[in-house]
Amino acid sequence: MRIGQWIGFLALIISLYVLWQLRQVVLLIFAAVILATVLNRVVRLLQRYRIQRGIAIAITVIALLAIVAGIFAIVVPRIVEQLQQLVKLLPEISERVLGWYNWVRSLIPGRVLEAAPPLSNLTQQLQSFVGGILGNFVTVLNNSLAAVVNFLLFFVLTIMLLLNPVPYRRTLILAFPAFYRRRVDEILSECEDSLVGWIKGTLFAMVGIGVVSFIGLSLLGVPLPLVNALIAGLLEFIPNVGPTLSVIPPVLLALLDAPWKAGAVIVLYLAIQQFESLVLVPIIMQREVSLLPVFTILAVVVFASLFGFLGLFLAIPLLIVTQIWLKEVLVKDILNRWQGEKESKEDKETRGQVEI
């Protein structure tokens with residue numbers, strides 16, 4: 001290798017190391033790019049009605065903030081209130097669980113359950129456990145300065161990218177060799193279309209899951225059906241993990257009302273997840289984005305383990321962008337154009353005999 005090649009290789013290694021050390025900031029920038037890309041489509045739509053770009057940006061951002069503030073105003077106080085009520089009702093819940101446990105022990109003959117742990121201290125254990133969760137939750141809310149700073153950085157970056165996205169795109173394109181810049185522009189356009197399509201499909205799925213959850217919980221008579229439906233819809237944004245987490249609040253509320261409702265809620269959410277995975281998501285994502293289910297699950301696990309909560313939140317967008325770049329650059333531009341040495345006549349005959 002020449003000295004220039006060694007210098008380029010070392011520069012690449014150093015750049016990757018710096019990016020890894022700044023991975024949280026890089027993920028925030030990536031999230032800002034995604035949101036700015038989606039909002040830019042809305043701004044373009046408003047500009048078609050002869051609205052100036054500055055006014056269109058203001059309308060879009062204000063509408064987005066109003067929606068987010070409204071959701072938080074509805075969901076967060078109700079969740080805190082229900083957690084406080086849950087702590088107060090834990091003795092009653094533990095007594096019911098202890099009664100069910102003793103009833104099950106009376107039905108099973110022999111010494112099958114003799115080795116089972118006693119439940120005499122269940123009340124104290126549950127109170128301390130949930131009290132610790134509630135205390136940590138309040139502590140996180142009171143000491144969330146870093147989260148607020150990150151959110152402000154994310155918001156400022158989104159607005160800056162939204163005001164004039166063209167120079168930033170040109171700067172990224174200029175980082176590539178001159179002969180490949182037009183191709184990079186095409187790949188970026190494909191990434192933009194795929195991300196916008198994924199957001200549209202995800203929002204549609206969130207609304208559908210929220211509506212179905214609200215109807216099902218209302219029919220079952222579970223308390224706070226609207227709040228639980230909003231939680232189910234919002235957690236739909238996180239694939240595989242979100243729908244599983246969304247079943248916990250309504251099950252706890254159903255336990256306070258009637259034991260059978262908890263089982264009914266679990267059955268309801270299993271049916272909703274089957275409807276989502278077999279009907280809703282394939283219809284939406286087949287039209288918008290083509291993602292294999294195994295790759296989706298692996299992306300969630302890998303990016304969550306590498307980057308934490310932001311990785312879990314951005315797993316699917318990262319997978320979409322990575323898939324497009326691998327397909328366009330590695331497959332189409334390199335592997336599909338790979339030409340080996342010309343085969344001799346004897347090699348062709350040998351290869352033909354092997355294939356036969």
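**Entry 1: the aromatic cluster**

I started with the rings, and found Trp20, Phe303 and Phe307 linked by ring pairs into a cluster. A note to self before going on: this is a predicted model. My search of the whole structure turned up 5 aromatic pairs. In one of them, Trp20 and Phe307 sit 5.9 Å apart, centre to centre, with 55° between the planes, and the pair is classed as tilted. Trp20 belongs to helix 1 and Phe307 to helix 13, so this pair ties together parts that are 287 residues apart in sequence.

I then checked how open each partner is. Trp20 comes out as partly exposed, at 37% relative accessibility, whereas Phe307 is buried, at 15%. Trp20 has a charged visitor as well: the charged end of Arg23 sits over its ring, 4.3 Å from the centre.

**Entry 2: a pair within one helix**

Next I looked at Phe151 and Phe155, which form a stacked pair, with 6.4 Å between centres and 20° between planes. Both are in helix 6, 4 residues apart, which is about one turn of the helix. Phe151 is partly exposed at 46%, and Phe155 is partly exposed at 29%.

**Entry 3: salt bridges**

Which residues are joined into one network by salt bridges that share partners? I began with the total, which is 11 salt bridges in the whole structure, and then followed a few of them.

- Glu186 bridges to Arg183, with the closest N and O atoms 3.4 Å apart. Both lie in helix 8, 3 residues apart, about one turn of the helix. Glu186 is partly exposed at 44%, while Arg183 is buried at 19%.
- Lys327 bridges to Glu190, and here the closest N and O atoms are 3.1 Å apart. This pair links distant parts of the chain, with Lys327 in helix 15 and Glu190 in helix 8, 137 residues apart. I have Lys327 down as partly exposed at 35% and Glu190 as partly exposed at 23%.
- Lys327 also meets Glu328 in a salt bridge, at 3.8 Å from N to O. Glu328 counts as buried because its relative accessibility is 3%, and the cut-off for buried is under 20%.

That gave me my network: Arg183, Glu186, Glu190, Lys327, Glu328, Lys332 and Asp333.

**Entry 4: the second largest pocket**

I moved on to open spaces. The second largest pocket holds about 1800 Å³ of space. It is lined by 37 residues, and those closest to its centre are Phe30, Val33, Leu172, Leu188 and Val321. Several helices supply at least two lining residues each, among them helix 1, helix 8, helix 13 and helix 15. Helix 2 gives the most, with 10 residues. By class I noted 28 nonpolar, 5 polar and 4 charged residues in this lining.

**Entry 5: the cavity**

How many cavities of 30 Å³ or more does the whole structure have? I found 1, with a volume of about 70 Å³. Its lining is made up of Ile209, Ser213, Ala232, Glu236, Pro243, Ser246, Tyr269, Ile272, Gln273 and Glu276. Helix 8 and helix 12 are the elements that give two or more residues to this lining. Helix 12 gives the most, with 4 residues. The class split here is 5 nonpolar, 3 polar and 2 charged residues.

Terms used: Residues numbered from 1 in each chain as written. Predicted model: local features only at pLDDT ≥ 70, side-chain atom pairs only at ≥ 80, totals over all residues. Heavy atoms only, no water. 1 Å grid on protein atoms, 1.4 Å probe; cavity = no way out; pocket = protein on both sides within 12 Å on 5 of 7 lines; lining within 4 Å. Points joined across faces, edges and corners; volume = space filled by probe spheres on them. Nonpolar A, V, L, I, M, F, W, Y, C, P; charged D, E, K, R; others polar. Phe/Tyr/Trp six-rings, centres within 6.5 Å; stacked < 30°, edge-to-face > 60°. Buried < 20%, exposed > 50% of the residue type's maximum accessible area, 1.4 Å probe, protein only. Lys NZ or Arg CZ within 6 Å of the ring centre and 35° of its normal. Salt bridge = Lys/Arg side-chain N within 4 Å of Asp/Glu carboxyl O.
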